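Biologist: Let us go through this model and test the labels one by one. I will ask what earns each label, and you set the value against the cut-off.

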Amino acid sequence: MGEEQVHRVLEAAERIFVSVTGYTSFDRDLSEKILMVVLKAVSAEQQEGYVRQLEAFADANRERLGQLYGTYGPGAPFADESRCFLAHQPESLVVCERLDAAPLWLEGVRSDELDAEVVLDRFSTLWRFGL
């Protein structure tokens with residue numbers, strides 16, 4: 001996915017994230033860096049309509065996302081940004097969508113630079129089992 005597409009996805013993710021959490025103090029540079037890795041899990045055929053797909057996912061899962069962020073996100077009782085910073089970042093929506101749409105995608109997305117394996121494994125555990 002190109003840089004322009006990453007920015008479109010990030011804008012949509014930020015809008016949705018803020019509407020669910022009310023939180024705006026996330027790290028946009030970190031979001032872009034993570035999305036460059038995570039969006040590798042979106043096929044070429046899906047890329048053009050991916051923002052619409054992400055919005056539809058958020059609409060269908062608004063209650064579950066609210067529970068996730070209400071439990072582990074900014075200001076939540078179990079918030080631990082040092083262990084799972086993704087719950088405080090808008091790109092976490094994309095991670096959740098990919099975990100539901102393509103459950104095995106995590107196996108194909110690795111980045112030593114992000115330490116993606118640890119970060120994504122921890123967050124996927126929250127999304128799958130933490131609610």
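**Labels and their grounds**

Modeller: Start with a helix pair. Helix 4 (residues 50-60) packs against helix 6 (residues 92-101) at an angle of about 85 degrees, with the axes 10 Å apart. Bear in mind that this is a predicted model.

Biologist: What makes helix 4 roughly perpendicular to helix 6?

Modeller: The angle is about 85 degrees. The label covers 65 to 115 degrees, so helix 4 is roughly perpendicular to helix 6.

Biologist: Which residues of helix 4 and helix 6 make the contact?

Modeller: Helix 4 supplies Tyr50, Gln53, Leu54 and Phe57. Helix 6 supplies Leu93, Val94, Cys96, Glu97, Arg98, Asp100 and Ala101. By class, that contact has 7 nonpolar, 1 polar and 3 charged residues.

Biologist: How many aromatic pairs does the structure hold?

Modeller: The structure holds 4 aromatic pairs. One of them joins Phe17 and Tyr23.

Biologist: Why is the pair of Phe17 and Tyr23 called edge-to-face?

Modeller: The ring centres are 6.4 Å apart, and a pair needs them within 6.5 Å. The planes of Phe17 and Tyr23 stand at 75 degrees. Edge-to-face requires over 60 degrees, so the label holds.

Biologist: Are Phe17 and Tyr23 buried or exposed?

Modeller: Phe17 has a relative accessible area of 0%. Buried means under 20%, so Phe17 is buried. Tyr23 is at 21%. Buried ends below 20% and exposed starts over 50%, so a value in between counts as partly exposed. Tyr23 is therefore partly exposed.

Biologist: What kind of pair do the rings of Phe17 and Tyr69 form?

Modeller: Their centres are 5.1 Å apart and their planes are at 85 degrees, so this pair is edge-to-face. Phe17 lies in helix 1 (residues 3-21) and Tyr69 in helix 5 (residues 62-72), so the pair ties together parts that are 52 residues apart in sequence. Both Phe17 and Tyr69 are buried.

Biologist: Which residues do the ring pairs link into a cluster?

Modeller: Phe17, Tyr23, Phe26 and Tyr69.

Biologist: What touches Pro74, leaving aside neighbours within four places in sequence?

Modeller: Phe17, Tyr23, Tyr69, Ala87 and His88 are in contact with Pro74. Pro74 belongs to the loop between helix 5 and helix 6. Its C-alpha atom is 9.7 Å from that of Thr24, 50 residues away along the chain.

Biologist: Why does Pro74 count as partly exposed?

Modeller: Its relative accessibility is 22%. Buried requires under 20%, and exposed requires over 50%. Pro74 meets neither, so partly exposed is the label.

Biologist: How do you know that Gln67 is partly exposed?

Modeller: Gln67 has a relative accessible area of 39%. That value lies between 20% and 50%, so the label follows. Gln67 lies in helix 5. Its C-alpha atom and that of Val20 are 9.7 Å apart, with these positions 47 residues apart along the chain.

Biologist: How do you know that the charged end of Arg64 sits over the ring of Trp127?

Modeller: The charged end is 3.7 Å from the ring centre. The distance limit is 6 Å, and the charge must also be within 35 degrees of the ring normal. Arg64 over Trp127 is recorded as such a case.

Biologist: Now the whole chain. How many helices and strands does it have?

Modeller: It has 8 helices and 0 strands. Buried residues make up 44% of the 131 residues. Of the contacts with a separation of 6 or more, 73% join residues 24 or more positions apart.

How values were computed
Residues numbered from 1 in each chain as written. Predicted model: local features only at pLDDT ≥ 70, side-chain atom pairs only at ≥ 80, totals over all residues. Heavy atoms only, no water. Axes fitted to C-alpha atoms, helices over the stretch in contact; angles between N-to-C directions. Helix = DSSP H or I, 4+ residues; strand = E, 2+ residues; numbered from the N terminus. Parallel < 35°, antiparallel > 145°, perpendicular 65-115°, else oblique. Contact = heavy atoms within 4.5 Å. Nonpolar A, V, L, I, M, F, W, Y, C, P; charged D, E, K, R; others polar. Phe/Tyr/Trp six-rings, centres within 6.5 Å; stacked < 30°, edge-to-face > 60°. Buried < 20%, exposed > 50% of the residue type's maximum accessible area, 1.4 Å probe, protein only.
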